[in-house]
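Student: Please take a close look at the buried parts of this model, with some attention to the residues in the loops. I would like one connected account rather than a list.

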Amino acid sequence: MSDEPKLLESGPPAKWNRRSAFILAAIGSAVGLGNVWRFPFVCYENGGGAFLIPYLVAIITAGIPLMILEFSLGHKMASGAPISFAKARKNSEWVGWLMVMVGFVITAYYAVIMSWCFNYLFHSFSLGWGNDPGAFFTDKLLHLSSGPGELGGLNWPLVAGLALTWIWIYFCIRKGAKSVGKVVLVTVPLPWLLLLILAVRGWTLDGANVGLNFFLNPDWSKLLDPGVWLAAYGQVFFSFSLAFGVMITYASYLPRKSDINNNAVIIGLSDAATSFLAGITVFSTLGFLAVGSHHTVAGVMESGPGLVFAVYPTILNQLPFWPGFFAAIFFIMLLTLGIDSAFSLVEATSEAWVNKLGLKRKPVVITVCVLAFAFGLLFATDGGLYWLDIVDNFINKFGLILGGLFECIVLGWLYGARKLREYANRYSEFKIGRWWDFLIKFFTPAILVVTFGMDLVKTITEPYGGYPDWALFVGGWGVVALVFMLSFVFMRIRANKNQALAGGQGGGTDG
Ligand code: PHE
């Protein structure tokens, strides 16, 4: 244990004031737009009801184990992601920076999507998108240009929504765990309540059965397709907010005697339950649209922005009563769903710099918010949607997957899965066994390597989304390369002395 650092004597970081504050904050991060616009579609595409089996297997074999890994690391080292990695293993700080940088890029565009939601909320009561919501979205709201090469000017309503989003984010995380703990008391239960209201609204519409059958009708033959299993793992990684440094940072604010394993199970299952509820809501409502318009459910369904900003408003238009009210509920739900995911990423970035340079929180948080806002302006131009799509695809495929892979290698192999397992078990009600080491050292890395290989081949053989090569080169490979380069540069920056020498709570000495 000689490579383990000494106990930190100086000022402890702010802590969660209740266990529920941590659980809610982690659920808030996990539950986001991904649950509403990604899960239902992925589930439907990969075998419907039968997909729930690989999905559950992915949760048990990778989602929850990796969450336990991140919780143990953050809790033990009591630092944000980069310094936690630095304390675990010399020269591995860059892995933490990689995660944090991937998260930073994601927040920059996640906030732009929230800006769209603000704009839609503004138009909700009057159903301002009119009779052709698809055209409203691309033409009126986004002023979408002809391609990534034509940026056009800034789109001011989007910039206004973006500014509003960033001010909101700033106020949520201004005081770290203290303010986040209060905010999540609202931003976690509220979207759930709204989702329930929309689910009931969906169930009671004509055609709901048609949609639900379509969603859940199991296609067992799909279970033989390895692509379906990989899709389940991909969905779980993104949805559980793993490999972004968020869960490491949040766990670092936990008081010393905290149950790690139970928390991970509660948080994971809550996220999965939300996805399922979102699936029911989305598909029962799609069934209504399909039956009303004499189309098949497949004919009216879309994933991603299309689902939320074109298909859903079309449905809202046709609701028999209070369409404006349900529209507002829908967009408030998306905003409250998204905000705690967005600020969890900002928190992870800010805490990383606070740790590294030993700076005060406030100026760091402001700087991160301003920089991410400035970066986000790119996505608030007329060509912004194209760049958002490219960056999103590449950073999730390559940044996220490689981040997760290096995390397993450094923590599972170089630091030692056993040490973290023993640490996780210390105050946990149920204990994890040696099988967990196997999952972290062999199983999850193998899944990530295969996924990475398949994505790489696909990306090289067919240009993503039919975009021109130069755009994929700049916004795709370029951004991924920049994120990697900066991770190494940041590692080289001289650290704040206290942090560099300090160990986390527990620091190995009292284990
Ligand atoms: N898990 C969030 C979602 O499902 C997205 C997210 C990813 C949030 C990474 C934080 C970190 O939408």
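Tutor: Taking a disulfide as a pair of cysteine sulfur atoms within 2.5 Å, the count here is zero. Two cysteines can still be placed with respect to the surface. C43 has 0% relative accessibility and is buried because the cut-off is under 20%. C408, also at 0% relative accessibility, counts as buried. The model is predicted, and what follows should be read as a description of that prediction.

The setting comes before the details. The protein contains 21 helices and zero strands. Its radius of gyration is 22 Å, close to the 24 Å given by the globule rule for 511 residues, so the protein is as compact as a globular protein of that length. The C-alpha trace spans about 70 × 50 × 45 Å along the principal axes. Of the 511 residues, 60% count as buried. Among contacts between residues at least 6 apart in sequence, 85% join residues at least 24 apart. The accessible surface comes to about 19,600 Å², and carbon and sulfur atoms account for 67% of that area. As for charge, there are 34 positive and 29 negative side chains, and the centres of the two sets lie 15 Å apart.

Start with the helix α4 and the loop before it. Seven of the eight residues of α4 are buried, so this helix is largely enclosed by the rest of the structure. The buried residues are A81, P82, I83, S84, F85, K87 and A88; the list includes a lysine, K87. The loop between α3 (52–77) and α4 (81–88) holds A78. A78 counts as buried, at 11% relative accessibility. Its backbone has a positive phi of about 50 degrees, although A78 is not a glycine. Most residues other than glycine have a negative phi. L127 is another non-glycine residue with a positive phi, about 45 degrees, and it sits in the loop between α5 and α6 (133–141).

That loop follows α5, the helix of residues 93–124, in which S124 lies. S124 is buried, with a relative accessible area of 0%. Not counting residues up to four places away in sequence, S124 touches W129, G324, A327, A328 and F331. Of these, G324, A327, A328 and F331 carry numbers that fall within α16 (323–357), so S124 can be described as in contact with that helix under the 4.5 Å heavy-atom criterion.

α16 comes up again at L319, which is found in the loop between α15 (305–317) and α16. L319 is buried, at 8% relative accessibility. Leaving out residues up to four places away, it touches L205, F288 and F326. The C-alpha atoms of L319 and D132 are 15 Å apart in space, with their positions 187 residues apart in sequence.

α16 is also part of what covers the next helix. In α8 (residues 177–187), the buried residues are A177, S179, V180, G181, V183, V184 and T187. The cover over them includes α1 (19–30), α7 (156–173), α9 (189–203), α12 (246–252) and α16. An α-helix has 3.6 residues a turn, so residues three or four places apart point the same way. Within the buried set, A177, V180 and V184 include such spacings, as do S179 and V183.

Two residues remain, in the later part of the chain. Y467 lies in the loop between α19 (434–461) and α20 (469–492). At 11% relative accessibility, Y467 counts as buried. Apart from neighbours within four places in sequence, Y467 is in contact with P148, Y386, D389, I390 and L472. Among these partners, Y386, D389 and I390 have numbers inside the range of α18 (384–426), and L472 has a number inside that of α20. The C-alpha atoms of Y467 and L277, 190 residues apart along the chain, are separated by 34 Å.

E422, in helix α18, gives the contrasting case. It is partly exposed, with a relative accessible area of 41%. Its C-alpha atom is separated by 8.5 Å from that of I432, ten residues away along the chain.

Key. Residues are numbered from 1 along each chain as its sequence is written. This is a predicted model: local features need pLDDT of at least 70, side-chain atom pairs count only at pLDDT 80 or more; totals for chains, interfaces and linings use all residues. Side-chain values use heavy atoms; hydrogens and water are left out. Helices (H or I, at least four residues) and strands (E, at least two) are DSSP runs, numbered from the N terminus. The radius of gyration is taken over C-alpha atoms; the globule rule is 2.2 Å times the number of residues to the power 0.38. Buried means under 20% relative accessible area, exposed over 50%, partly exposed in between (1.4 Å probe, protein chains only). Accessible areas come from the Shrake-Rupley method with a 1.4 Å probe; for residues, only the protein chains shown count as cover. Lys and Arg count as positive and Asp and Glu as negative; His and the chain ends are not counted. The place of a charge is taken as NZ of Lys, CZ of Arg, CG of Asp or CD of Glu.
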